[in-house]
Amino acid sequence: MFRKSLLFLLALAALAPAALATSFIVPDDDEMIGKADAIVVGRVEGKWVDAARFETIYEIRVERALKGGDRADGLVRVVSPGAELDGYGVYVPGAPRFDPGERVLLFLTRDHARWMTTDLTLGKFKFETSTAGAKVLVRDAENIVGWDRNGAEHVEHVRREAGFLHFIEERIAGRRPAADYFVSPGSVMLQNSVQENAIGAQPNAPAFPPYTYTDNVQLNGAWIGTRWSNISAGVTFYKRSETNISGLADGGASVIQNGLASWNNEAGSNINLIYGGNRAGTPSLNQDGINVVEFNDPQGRVAGSWSGSGTVATTFISYFNPHTFASTQWWSIRDADVVFQDGFPGTNAAFPTAMTHELGHGIGWRHSNAHFIRSTGADEPCNASIEECSSNAIMYYSAVASLGYTLQAWDINAAQAVYPGAGGGTCTPPSITGQPTSRAITRGQSTTLTVGASGTTPLSYQWYTGTTGNTSSPVPNGTGSSITVTPSATTSYWVRISNACGSVDSNTATVTVNAPPTGVRQKTPVDFNGDRVSEFVLFRNGIWITYNPSTGAEVSRVNTGAMPGGIPEPMDWNGDGRTDYTVFRVGQGWHIYNADGTYLRGIWIPDAGSIPAPADYDGDGKEDFVVYRNQTWFKYDMNTGAIVWSVFTGNSGNGIPVPMDYDGDGTADFTVYTQGTAWHFYNDNGTYRGGIWLGIAGDIPVPGDYDGNGTEEAVIYRNGSWIFYDPNSFALVKTVWAAANSYNGDPVQPTPLDYDGDGSVDLAVYGATPWHTYFDNGGYRGGIFTGGIPGDLALSRRDHPDPTPP
């Protein structure tokens, strides 16, 4: 497993082009002295590998301590990230490497009780002797790419040994000597130096062996390349959904997609990288076969945090079983994870190029200006006689931000050499052909929002609530081109469409929710088919029997099973506009059934004193599972059975709950009827609002919106009389005589429902076989003869006013 890193020290990003890999705003020597916790001169005695961390620990014998408490002849262990062990490896560009016996000047920083060089390779100087015999100190210049504080491109200078050491000692002592120890690199020829070949794009680059475009790793003593064994079949990269980069509305998803698309769009290769979308609970792990992009380094895999400087990103490449391609053996890449530094912002100009570059490492590429073999563990100069070399490439270790997602000649040649073929094709980013449009609905209604889109498939969709760009509230299951919503209040929606090439955001569509207008009910009770017309239904020993409203003939039967003491409570619990089959059994709880009568689930409420009171208490278009017990209203969660809220109303003694919308706001209000005494009305918080003092034994409360104005009236049915009260003034409004006799001795049951679908409740009774309906003034409208047996219950809005039902 490799690790590829980008390191920026970009405090002056506005002054200089941003760079990739190991790139710096290089601090001057005075700043380096101040940053370092210790400065020592020593000699490398040995090294060993921490296999658990994939780090190399170098042992340095101290000759001279210029700063810090290390004594001469002491041993300092310096940790350098990166190592190779048993066919696995971690590679970190910019990390210092040491040769045995090498004499060095080190600027050291204390990190978690361990010594590391300050700013990676910038903290290491080697003692060298020029061909003319001059004693000098030099950095590993091939690993340093960046800018000075003034924004100019950094040119690394050789330092005279005596002058530089004197300057360090004087600054530590608090004095300000002149920095007169620099030597132009062109005026000094170092012994054993390697001269890098000129770098330039080579049009015949595919003639170079394919393995020279990738980082090579040893296998049985031989260096072999790394590649995906079957990339044309698709390699999927996910964004870890718990991590989002700051400054971008989509958390960085579009930049991942655009980076993938840049490699896919190379038509001469068969590269096929797929964006898999958000993936929760999937951290970046080595050798797990899953490719993940993480932002804000949630696992702490990249040292430090971004504060305008530091590491930008690291790519971890796991490899395993070798395969053969182009008559050459290769390591097979198993997975590649890209981890961006904690705090690195998506607004940084280099972010697009950085993403494309890191994904390129995930394909297997080396740096375009580095040798394909890293015998020392660090990038070595590119050799144009045996491999393509270029300073103008996405994969150059100092690629500028202006490249964005655009591949250069080296990148294209690498793709065609290592993954030849035209299987990748051109990917077209998504575009919107039809925006979702705003709608207006009545509270309780549903509406469908749709977006039209084009682009290379597959297209993925994610809808959100809020304004465009706000991804904090994704719509559950909102992953198609259309969504159907039933908001209880005015809500805005938008959708993001994505594919492997990129993403696009729709306009915001607002669903305005209006209160029910005059003459239109929010819910139609006992409406099992959703046509907004109440049905004639009898409940008989667990069987729900529906009758034709014109002829009285039986239409259907749904058997939910006999249940002793079961109370039918028809309600629309899922908000689809259709009444659902539910039965409440005192002392046991709620039983919920599918449309065919099969059992769905139960809500267990063992309290014997509970009385069912289903209604839509929050205006979301769904009727809630609520019971009234000991003068307190309890709402239960359908999925968990837990109590969601409770409201104590009191003052009602042995009352029965009669929820109704007496103020016309589209939500059920708390009202309690005390048999033969009064009707009590309460506010949402349970405080008392007022009452209607009335009643004799046997009165049955039958509230409803009888005039279709969106407000329910307080109505009593008493021996054929319908007595209307105003729930706001509590005054008597009218009395309507609409009586009927029982056919076989069973009590007459009032069944006021909306039988004609006009949005107002109709006067109706069931006489133990015939049904009778009446006009608003009590005049007879008509009836149907359905037949029946003693004990049949005619379904209505409320079926059991008795506080102790059987």
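The following exchange covers a helix pair, some strands and a salt bridge in a predicted model.

Mentor: Residues are numbered from 1 along each chain as its sequence is written, and side-chain values use heavy atoms, without hydrogens and water. As the model is predicted, local features need pLDDT of at least 70 and side-chain atom pairs pLDDT 80 or more, whereas totals for chains, interfaces and linings use all residues.

Trainee: How are helix 3 and helix 4 oriented to each other?

Mentor: Helices (H or I, at least four residues) and strands (E, at least two) are DSSP runs, numbered from the N terminus. Helix 3 (residues 253-264) and helix 4 (residues 351-363) pack with their axes 9 Å apart, at an angle of about 55°; axes are lines fitted to C-alpha atoms, for helices over the stretch in contact, and angles run from 0 to 180 degrees between N-to-C directions. Angles under 35 degrees count as roughly parallel, over 145 as roughly antiparallel, 65 to 115 as roughly perpendicular and the rest as oblique. Helix 3 and helix 4 are therefore oblique.

Trainee: How many residues of the contact of helix 3 with helix 4 are nonpolar?

Mentor: Contact means heavy atoms within 4.5 Å, and the residues making it include Leu260 and Trp263 of helix 3 and Met355 and Leu359 of helix 4. Ala, Val, Leu, Ile, Met, Phe, Trp, Tyr, Cys and Pro count as nonpolar, Asp, Glu, Lys and Arg as charged, and the others, Gly among them, as polar. No residue of the contact is charged and 4 are polar, while the nonpolar ones number 9.

Trainee: Which strands stand at the edges of the open sheet 38-39-40-41?

Mentor: Two strands pair if DSSP finds at least two bridges between them. The 4 strands follow the order 38-39-40-41 with antiparallel pairing. An edge strand has a single partner, so one side of it is left without a neighbour in the sheet; this applies to strand 38 (611-612) and strand 41 (643-648).

Trainee: Which residue of strand 36 stands opposite Phe584?

Mentor: Strand 35 (residues 582-585) is joined to strand 36 (residues 589-593) by 4 bridges, and the two run antiparallel. In their hairpin, 3 residues lie between the strands, and Gly587 takes a positive phi near 85°. The residue opposite Phe584 is Trp590.

Trainee: Which residue shares a salt bridge with Glu63?

Mentor: A salt bridge is a side-chain nitrogen of Lys or Arg within 4 Å of a carboxyl oxygen of Asp or Glu, and the whole structure has 22. Glu63 lies in strand 4 (residues 55-67), and its partner, 20 residues apart, lies in strand 3 (residues 38-50). At 3.8 Å, N to O, the partner of Glu63 is Arg43.
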